[in-house]
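Please look over the sequence and the structure shown below before reading on. The report that follows moves from one residue to the chain and its sheets.

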Amino acid sequence: MRGIYRALSLSLGTILVASALAGCGGSGGAGGKRIVRIGHNQATDHPTHVALLEFEGYVEGRLGDRYEVEVYPSELLGSQTDMVQLTQTGAIDFCVASNSILETFSDNYTLFNMPYLFGSAEAYHASMDDQDITGPIFDSTKKAGFEAVTWIDAGTRNFYTVSTPIESPADLKGLKIRVQQSPTNVEMMRLLGGSATPMGFGEVYTALQSKIIDGAENNEMALTSNGHGDVCKFYSYDMHQMIPDILIGNCAFLDGLPPEERAVFEEGFQVVNEVERREWTKAVEAAKERAANDQGVQFLYPDTAPFQEICLPMHQSILGQYPDLKPFYDAIQAHNKAYAPEGTEGGQGNE
């Protein structure tokens with residue numbers, strides 16, 4: 001625990017850890033209610049926060065005499081890495097984690113980091129809703145003390161830069177691009193010719209502003225909710241990844257719920273998924289409009305084929321390293337074929 005406390009010094013996370021330990025792991029709410037704490041790193045106008053507030057209302061509406069849900073946005077409980085550690089120990093009960101962080105706990109999550117894995121948004125959604133794919137992956141971190149309870153749509157990841165428009169892989173050469181802290185993402189950038197710069201999401205704005213990095217890769221919401229469009233003026237739809245965020249929960253808390261209460265929480269997790277996906281579609285359109293009109297961001301639509309050609313060999317390399325992923329990969333290819341964009345043979349993931 002000492003490492004966690006050091007990482008969260010002077011943060012609200014430290015206060016809550018001490019409170020949780022003093023209050024027997026989250027009890028101590030008004031009227032003896034069990035406080036359920038959820039942390040994430042997005043702003044209060046983000047679809048993730050909106051969905052978690054719906055979860056709060058859903059659970060309290062059915063179990064309000066026993067539980068009080070508290071949602072903490074904007075890294076108030078520390079970085080995502082900090083929050084995952086806090087969820088492991090039970091100092092908090094849930095947090096939203098990036099797939100890249102979860103990759104460090106289970107090799108199974110490497111699958112979703114593959115560039116050009118999904119052939120379309122429809123194939124992506126169908127794959128993530130397929131329990132035969134996600135069930136074993138979501139359960140694979142139980143030995144670490146937490147499990148995934150639902151996935152959260154984070155759209156398509158694309159490159160955006162301060163001053164260099166990215167219209168082909170050659171434009172990335174020599175640029176320092178922030179990526180998530182994942183070996184897969186670092187290798188992707190190496191192949192594309194850029195210089196991968198892993199860092200926590202909360203550090204990106206300052207790094208862009210001070211020109212420590214030349215750009216980043218994320219969805220459109222990063223431009224507006226996190227202000228990156230104030231600095232970066234080119235957003236290029238190379239569409240290299242569709243990676244979910246994951247809501248994880250502490251296993252001891254979940255396993256300790258009586259069956260009827262666990263059922264309510266499971267229904268609440270589905271509410272999170274449904275609300276976030278609905279809000280995501282609206283938020284992306286609003287973000288693009290605001291970024292273009294208020295921040296002066298130019299949206300570029302390069303030919304994605306050259307990017308795919310460079311990245312697709314990573315699929316066989318990763319499957320060779322992690323052969324247990326092959327059945328999941330093949331199931332995703334089936335969804336790619338079923339939801340292939342018109343005029344294609346089956347989507348991004350096909351070799």
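## A buried glutamate

In which helix is Glu-276 found? Glu-276 belongs to helix H13, which covers residues 259–293, and readers should keep in mind that the model discussed here is a predicted one. The side chain of Glu-276 has no salt bridge although the residue is buried, and the nearest side chain of opposite charge, that of Arg-277, is 6.3 Å away. Because a salt bridge requires a side-chain nitrogen of Lys or Arg within 4 Å of a carboxyl oxygen of Asp or Glu, the distance of 6.3 Å to Arg-277 does not qualify.

When residues up to four places away in sequence are set aside, Glu-276 touches Pro-47, Thr-48, Ala-51, Ile-152 and Asp-153.

## The chain as a whole

The protein chain contains 16 helices and 11 strands, and of its 351 residues 58% count as buried. Among contacts between residues at least 6 apart in sequence, 74% join residues at least 24 apart. The chain exposes about 14200 Å², and carbon and sulfur atoms supply 51% of this area.

## The sheet of five strands

One open sheet is formed by 5 strands in the order S2-S1-S3-S10-S4, with mixed pairing. Strand S2 (67–72) and strand S4 (146–152) stand at its edges with a single partner strand each, so one side of each of them is left without a neighbour in the sheet. From one strand to the next, the twist of this sheet averages 25 degrees.

Strand S4 pairs with strand S10 (residues 245–250) in the antiparallel sense, over 6 bridges, and Trp-151 stands opposite Ile-246 in S10. Helix H4 (residues 80–89) packs on the sheet, where it touches strand S1 (34–39), strand S3 (94–98), S4 and S10, and the direction of H4 makes about 135 degrees with that of S3. Helix H13, the helix in which Glu-276 is found, also packs on this sheet, touching S1, S2, S3, S4 and S10, and its direction makes about 35 degrees with that of S4.

## The sheet of six strands

What is the order of the strands in the open sheet of 6 strands? The order is S7-S6-S8-S5-S9-S11, and the pairing is mixed. Its edge strands are strand S7 (195–198) and strand S11 (298–300), each of which pairs on one side only, while the twist averages 30 degrees from one strand to the next.

Within this sheet, strand S6 (residues 176–179) and strand S8 (residues 215–218) pair in the parallel sense over 2 bridges, and Ile-177 stands opposite Gly-215 in S8. Helix H9 (residues 183–192) packs on the sheet and touches strand S5 (157–161), S6, S7 and strand S9 (234–241); the direction of H9 makes about 155 degrees with that of S6.

## Two residues with positive phi

Lys-211 is not a glycine, yet it has a positive phi of about 65 degrees. Lys-211 lies in the loop between helix H10 (204–209) and S8, and it counts as exposed because its relative accessibility is 60%, where the cut-off for exposed is over 50%.

Met-239, which is not a glycine either, has a positive phi of about 55 degrees, and its place is in strand S9. Is Met-239 buried or partly exposed? With a relative accessible area of 30%, Met-239 is partly exposed, because that class lies between the limits of under 20% for buried and over 50% for exposed.

Definitions and conventions: Residues are numbered from 1 along each chain as its sequence is written. This is a predicted model: local features need pLDDT of at least 70, side-chain atom pairs count only at pLDDT 80 or more; totals for chains, interfaces and linings use all residues. Side-chain values use heavy atoms; hydrogens and water are left out. Helices (H or I, at least four residues) and strands (E, at least two) are DSSP runs, numbered from the N terminus. Buried means under 20% relative accessible area, exposed over 50%, partly exposed in between (1.4 Å probe, protein chains only). Lys and Arg count as positive and Asp and Glu as negative; His and the chain ends are not counted. Contact means heavy atoms within 4.5 Å. Two strands pair if DSSP finds at least two bridges between them. Axes are lines fitted to C-alpha atoms, for helices over the stretch in contact, and angles run from 0 to 180 degrees between N-to-C directions. Accessible areas come from the Shrake-Rupley method with a 1.4 Å probe; for residues, only the protein chains shown count as cover.
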